[in-house]
Amino acid sequence: MALLRQAAQLTGIPAMANSAPTRIAIECVAGFPDDQLESGTDIIRPGGRGMAIAMVELLRGAGVTASEPSLDFEHGWEFVAERDGRKFWILVTDLEKTKLIQTKDLSSLLIRLFSGQAAYAAFLELLYRALSNDARFRSVEWAA
């Protein structure tokens, strides 16, 4: 942590540890068909794939590069979005009544150190607006 503070003093750029916390998860209700596959009591494929695909399309429409969603069997559907030279991981988890969207900045430590959280916060705001402005997503709220 001392190294981050020292770098901040030398460059004049605030260290991430000293930056305002960024909300990194969104919870919402989504109007997509249940796409979970089951065999008896076993879950073959978790739900949320249709929602993840819709999110990729929304982000691409906003000028963001996004990979196709892939299965993270334990947690849901994940993909990577790229904007302004930064990479962001997104995980969509189907919690039955609500959906949880978690994010993480995958950019290198050097990029995050020197550009701070502003690019991440801008990406999260873009994601939040895209979801809020689409009728398929309701009750879009920042998760605590």
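In this predicted model, the structure holds 4 aromatic pairs. One of them brings together phenylalanine 88 and tyrosine 120, whose ring centres lie 5.6 Å apart with their planes at 10°, so the pair is stacked. This pair links distant parts of the chain, since phenylalanine 88 belongs to strand β7 (residues 86–95) and tyrosine 120 to helix α4 (residues 118–132), with their positions 32 residues apart in sequence. Phe88 and Tyr120 also form one aromatic cluster together with Phe123.

Tyrosine 120 has a further partner in threonine 103, as a polar contact of 2.8 Å joins the side chains of these two residues. Threonine 103 is found in strand β8 (residues 98–105), and its side chain also reaches the backbone oxygen of isoleucine 24, at 2.7 Å. Leaving aside neighbours within four places in sequence, the residues in contact with threonine 103 are Ile24, Trp89, Ile90, Tyr120, Leu124 and Leu127.

The relative accessibility of the residues discussed so far is set out below for three of them.

| Residue | Relative accessibility | Class |
|---|---|---|
| Phenylalanine 88 | 1% | buried |
| Tyrosine 120 | 8% | buried |
| Threonine 103 | 6% | buried |

Because buried means under 20% relative accessible area, phenylalanine 88 at 1% falls in that class, as do tyrosine 120 at 8% and threonine 103 at 6%.

An aromatic ring also takes part in an arrangement with a charged group: the charged end of arginine 49 sits over the ring of tryptophan 77, at 6.0 Å from the centre of that ring.

Definitions and conventions. Residues are numbered from 1 along each chain as its sequence is written. This is a predicted model: local features need pLDDT of at least 70, side-chain atom pairs count only at pLDDT 80 or more; totals for chains, interfaces and linings use all residues. Side-chain values use heavy atoms; hydrogens and water are left out. Rings of Phe, Tyr and Trp (its six-membered ring) pair if their centres lie within 6.5 Å; planes under 30 degrees apart count as stacked, over 60 as edge-to-face and the rest as tilted. Helices (H or I, at least four residues) and strands (E, at least two) are DSSP runs, numbered from the N terminus. Buried means under 20% relative accessible area, exposed over 50%, partly exposed in between (1.4 Å probe, protein chains only). A charge sits over a ring if NZ of Lys or CZ of Arg is within 6 Å of the ring centre and within 35 degrees of the ring normal. A polar contact is a pair of N or O atoms within 3.5 Å; within protein, one must be able to donate a hydrogen and the other to accept it, and residues adjacent in sequence count only if both atoms are side-chain atoms. Contact means heavy atoms within 4.5 Å.
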